[in-house]
Amino acid sequence: MDRTGMSRWLAIAAVGALVVVVAVLAVVAYEHAHPPSPTGKAEPVPTFTLGVRVPTPTPTVDPDVVPPAQRRLLATGGELWWRTTVGACNGPAPIVERSTDRGATWTTVTPNYLGISQVQTLSAFSARDAELVAAMTACDAQALRTYTRGEFWESYPDVLAASRYVDPKDAGSVRLPSGPVAAPCKAAWGLHAEGPVVALVCDELAWSWSGSEWLQLAPEGVVALAIDGSDVLVAHEDAGCPGVAVSRIAVSAPDTATPIGCAESADPTAPIAIDDAGGSVTMWTGPTFLEITP
């Protein structure tokens with residue numbers, strides 16, 4: 001083969017090789033742009049975490065604890081009854097009400113115009129008149145009295161100085177006329193005081209003040225209390241009562257509880273308030289009032 005023929009065949013071979021390379025590159029490019037459809041079960045999308053993995057905390061709620069703002073106080077006077085939700089500083093305001101028909105109907109008499117935030121104590125100091133120790137603006141305590149069936153309330157600094165109440169700025173401190181004393185827990189509530197008797201609730205237990213120390217009273221699972229003379233009336237859970245039991249404890253014998261009765265329809269996990277009713281106990285539970293008798 002002469003030189004001219006050889007050159008022609010080499011050129012033809014080079015062109016053929018180039019065509020093959022171009023075809024291969026075209027196929028590769030097409031497959032990259034159009035991958036084959038997956039078969040079988042898809043794999044999960046991978047996730048990545050940078051730094052340290054911290055588990056998300058799960059909030060826990062104790063269903064047996066009534067929120068402080070929803071707790072209640074009840075005072076049954078001779079002619080008028082009084083009741084209130086406790087409320088909270090920087091939270092829901094209390095609702096103070098008065099009844100002229102032993103709890104059948106109620107009229108709201110909350111002194112919102114004074115800036116009331118939270119009620120510490122409630123008492124009927126006469127047949128028609130009531131008294132509150134309440135946290136006002138900036139959660140400062142004041143003693144309020146009404147002599148007008150709740151229409152108007154006024155602050156009485158001398159009454160506050162003589163009052164017993166849980167400090168609204170520190171629930172672990174109880175204010176007495178002689179000065180503050182530490183409560184038996186960090187979150188005391190439900191304090192009642194009558195004459196020399198002072199009692200409160202701490203960690204679902206009832207306690208009375210002896211003048212020098214707090215004495216634990218017999219029942220456990222306490223949900224409310226009141227005072228009758230030298231005795232403390234305690235509403236509490238009890239294995240023998242499907243609702244809420246009520247017992248009487250003499251402060252001179254704190255280890256002995258005398259059963260009064262059982263409110264079978266009362267829910268111990270709901271807000272409850274009680275008061276002495278002259279031989280029986282009046283219980284405010286839900287929207288109703290119950291009479292518990294021995």
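Trainee: Which residue's side chain meets Lys169 in a salt bridge?

Mentor: Happy to start there, keeping in mind that this is a predicted model. The N to O distance in this pair is 2.7 Å, within the 4 Å allowed for a salt bridge. The partner of Lys169 is Asp140.

Trainee: How many residues apart are Lys169 and Asp140?

Mentor: Lys169 sits in the loop between strand 9 and strand 10. Asp140 belongs to the loop between strand 6 and strand 7 (141-146). The pair therefore links distant parts of the chain, 29 residues apart.

Trainee: Is Lys169 buried or exposed?

Mentor: Let's set it beside its partner. Asp140, at 37% relative accessibility, counts as partly exposed. Lys169 has a relative accessible area of 56%, and the cut-off for the top class is over 50%. Lys169 is therefore exposed.

Trainee: Which strands stand at the edges of the sheet with the order 9-10-11?

Mentor: This is an open sheet of three strands with antiparallel pairing. An edge strand here has a single partner strand, so one side of it is left without a neighbour in the sheet. That describes strand 9 (165-166) and strand 11 (179-182).

Trainee: In strand 10, what is the bridge partner of Val166?

Mentor: Strand 9 and strand 10 (residues 173-176) pair in the antiparallel sense over two bridges. Val166 takes part in a bridge to strand 10, and its partner there is Val174.

Trainee: Where does Arg128 lie, given its salt bridge with Glu79?

Mentor: The two side chains meet at 3.3 Å, N to O. Glu79 is in the loop between strand 1 (72-76) and strand 2, 49 residues apart from its partner. Arg128 lies in the loop between strand 5 (118-123) and strand 6 (130-135).

Trainee: Which residues are linked with Asp228 in a network of salt bridges?

Mentor: Begin with one pair: the side chains of Arg248 and Asp228 meet at 2.9 Å, N to O. Arg248 lies in strand 18 (residues 241-250) and Asp228 in strand 16 (residues 222-228), so the pair ties together parts that are 20 residues apart in sequence. The residues linked with Asp228 in the network are Asp231 and Arg248.

Trainee: What is the phi of Asn90?

Mentor: Asn90 is placed in the loop between strand 2 (81-85) and strand 3 (96-99). At 85% relative accessibility, Asn90 counts as exposed. Although Asn90 is not a glycine, its phi is positive, at about 60 degrees.

Methods: Residues numbered from 1 in each chain as written. Predicted model: local features only at pLDDT ≥ 70, side-chain atom pairs only at ≥ 80, totals over all residues. Heavy atoms only, no water. Helix = DSSP H or I, 4+ residues; strand = E, 2+ residues; numbered from the N terminus. Buried < 20%, exposed > 50% of the residue type's maximum accessible area, 1.4 Å probe, protein only. Pairing = 2+ DSSP bridges.
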